[in-house]
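This report describes the surroundings of a bound ligand, a pocket and a small sheet. The sequence and structure are shown first.

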Amino acid sequence: MKALSRPKGTQDWVAERARELSFVERTVADVFERYSYQPIRLPMMESVELFQRGVGEATDIVEKEMFLLESRGGEDRATLALRPEGTASTVRALEQEGLLYNQQQRVYYAGSMFRYEQPQKGRYREFYQIGAEAFGFAGPDLDAELLLMIRDSWRALGIDEFIELELNTIGSAEDRARFGAALKAYLLPFADELDEDSQRRLERNPLRILDSKAPRTRDLLADAPRLEEYINDEARAHFDGLVELLEGMGQPFRCNSSLVRGLDYYNNTVFEWVTDQLGAQSAVCAGGRYDALVARLGGKPTPAAGFGLGMDRAVLLREQATTGNGALPGPGLPVDVYLCLPRGAEQRWVMQLAGELRAALPTLKLRLHQGGGKLDKQLKRADQSGALLALIAGPQEIEANAVALKPLRGNGEARTVPRPELAAAVATVLEHS
Ligand code: HAM
């Protein structure tokens with residue numbers, strides 16, 4: 001029978017790459033927890049209406065990128081979608097659980113998101129995000145702290161030198177409506193010269209035209225009205241406050257006045273962390289403030305801000321970065337120590353020994369040989385596992401209440417260590433390799 005393949009735009013994460021993805025998620029989650037963000041887990045499917053209201057009807061995501069679920073209830077149109085992003089769901093969930101009203105919250109999530117896009121390197125139909133959202137904080141100090149938390153994440157992943165911060169303020173919805181009208185009036189006489197996407201956006205979402213990469217559109221935009229001119233005073237002061245804090249913290253950034261974001265819920269601060277190492281898919285993390293979303297989804301007005309970090313892209317960047325840059329922090333070896341039990345060894349004794357080592361050295365990755373066989377075959381397995389050290393507990397060693405310790409890399413000597421001293425001896429060898 002013909003073998004089956006994975007769906008277009010999805011990935012199988014196996015072997016080293018799976019370990020990489022877990023490492024990225026764990027490392028970044030640890031940074032978030034050090035900033036006191038708490039984990040949440042949300043449904044992978046939500047109502048279509050949540051994204052229409054939350055992300056916005058005129059966005060690419062809602063117009064053409066949602067995976068709609070055919071339900072079995074006989075409805076004539078889909079009412080559920082696979083989540084394309086995590087912010088709308090976070091607001092829905094915290095509101096539904098009664099965790100937003102008069103409260104402050106800092107939460108994070110990690111998992112798959114789904115968008116019907118044309119797949120290419122760094123762009124998938126199922127991709128992984130780790131995102132953080134904060135509720136109940138109106139000031140620019142929160143925005144600044146989010147950005148420093150992201151910076152710490154890049155540092156922990158060893159890729160900070162490849163990523164730069166771009167920042168903008170897009171003001172309030174009213175500011176953008178006035179600006180959008182002015183932009184539309186300016187571009188209308190040139191409508192025929194705009195690229196196809198921009199022509200479509202002219203009616204529904206003129207701001208997104210600022211994202212266009214088409215050369216003629218870019219030329220036309222050179223003399224267009226500028227969003228900066230429409231930003232209200234409060235938004236301006238918020239942005240100045242943020243800039244001052246970032247400068248004070250020594251965090252470099254670039255102001256990019258055409259950064260407007262593809263989701264409708266933002267106001268004031270928006271940002272993207274970009275790299276020049278991944279071709280067209282340059283954004284590794286993006287987010288901003290969305291003070292109006294909680295109310296738009298039925299809650300009491302609550303200031304909020306957050307971001308999503310693309311883990312697939314972080315993995316790609318780490319893969320690329322290693323080629324030029326030596327060792328990055330990483331998931332470590334899959335196995336540190338391989339425990340062999342030659343013929344005649346007492347299984348229970350060896351399993352107890354493994355238990356002792358695991359208890360004494362909580363981060364030790366110990367693989368216990370299974371299935372018997374000759375010692376040289378077991379040692380071969382030990383070598384193939386990548387372990388640094390083989391331990392051999394044969395009948396003679398057991399008799400002497402000791403274990404043979406055989407370094408598998410470098411030129412350390414094999415020796416026999418009394419059982420009570422074994423954990424310390426293993427720790428020393430691992431520390432020095
Ligand atoms: P977003 O810009 O749509 O924002 O996505 C955030 C990040 O997810 C992107 O910068 C990118 O790294 C990654 N990403 C997006 N689409 C794909 C894809 N098709 N393949 C691979 N990676 C992708 C949001 O989703 C907002 N919810 C962020 C946010 C949270 N804003 C406030 N709170």
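## Strands around the ligand

Strand 6 (126–135), strand 10 (283–289) and strand 11 (304–310) each contribute at least two residues to the shell around the ligand. Strand 10 provides the largest share of this shell, with 5 residues. The structure is a predicted model, and the values in this report are computed from it.

The ligand is surrounded by 25 residues, and those that come nearest are Glu85, Glu117, Glu133, Arg261 and Tyr266. By class, the shell around the ligand consists of 11 nonpolar, 7 polar and 7 charged residues.

## Polar contacts and burial of the ligand

Polar contacts to the ligand involve both side chains and the backbone. In the side chain of glutamate 133, an N or O atom lies 2.7 Å from a nitrogen atom of the ligand. Glutamate 133 is also listed with the residues that come nearest to the ligand. For arginine 115, the distance from an N or O atom of the side chain to an oxygen atom of the ligand is 2.8 Å.

Valine 284 takes part through its backbone: one of its polar backbone atoms is 3.3 Å from an oxygen atom of the ligand. The ligand taken alone exposes 660 Å², of which the protein buries 96%.

## The second largest pocket

The second largest pocket has a volume of about 370 Å³. Its lining comprises 20 residues, and Ala173, Arg176, Leu207, Asp264 and Tyr266 lie nearest the centre of the pocket. Tyr266 is likewise among the residues that come nearest to the ligand.

Which helix gives the most to the lining of the second largest pocket? Helix 6 (residues 173–187) does, with 4 residues. The lining of this pocket divides into 10 nonpolar, 3 polar and 7 charged residues.

## A three-stranded open sheet

An open sheet is formed by 3 strands in the order 2-4-3, with antiparallel pairing. Strand 2 (45–47) and strand 3 (68–69) stand at the edges with a single partner strand each, so one side of each has no neighbour in the sheet.

How many bridges join strand 2 to strand 4? Strand 2 and strand 4 (residues 80–82) run antiparallel and are joined by 3 bridges. Glutamate 46 stands opposite alanine 81, a residue of strand 4.

How values were computed: Residues numbered from 1 in each chain as written. Predicted model: local features only at pLDDT ≥ 70, side-chain atom pairs only at ≥ 80, totals over all residues. Heavy atoms only, no water. Near = heavy atom within 4 Å. Polar contact = N/O pair within 3.5 Å; in protein donor to acceptor, adjacent residues only side chain to side chain. Areas by Shrake-Rupley, 256 points an atom, 1.4 Å probe, with all protein chains shown as cover. Nonpolar A, V, L, I, M, F, W, Y, C, P; charged D, E, K, R; others polar. Pairing = 2+ DSSP bridges. 1 Å grid on protein atoms, 1.4 Å probe; cavity = no way out; pocket = protein on both sides within 12 Å on 5 of 7 lines; lining within 4 Å. Points joined across faces, edges and corners; volume = space filled by probe spheres on them.
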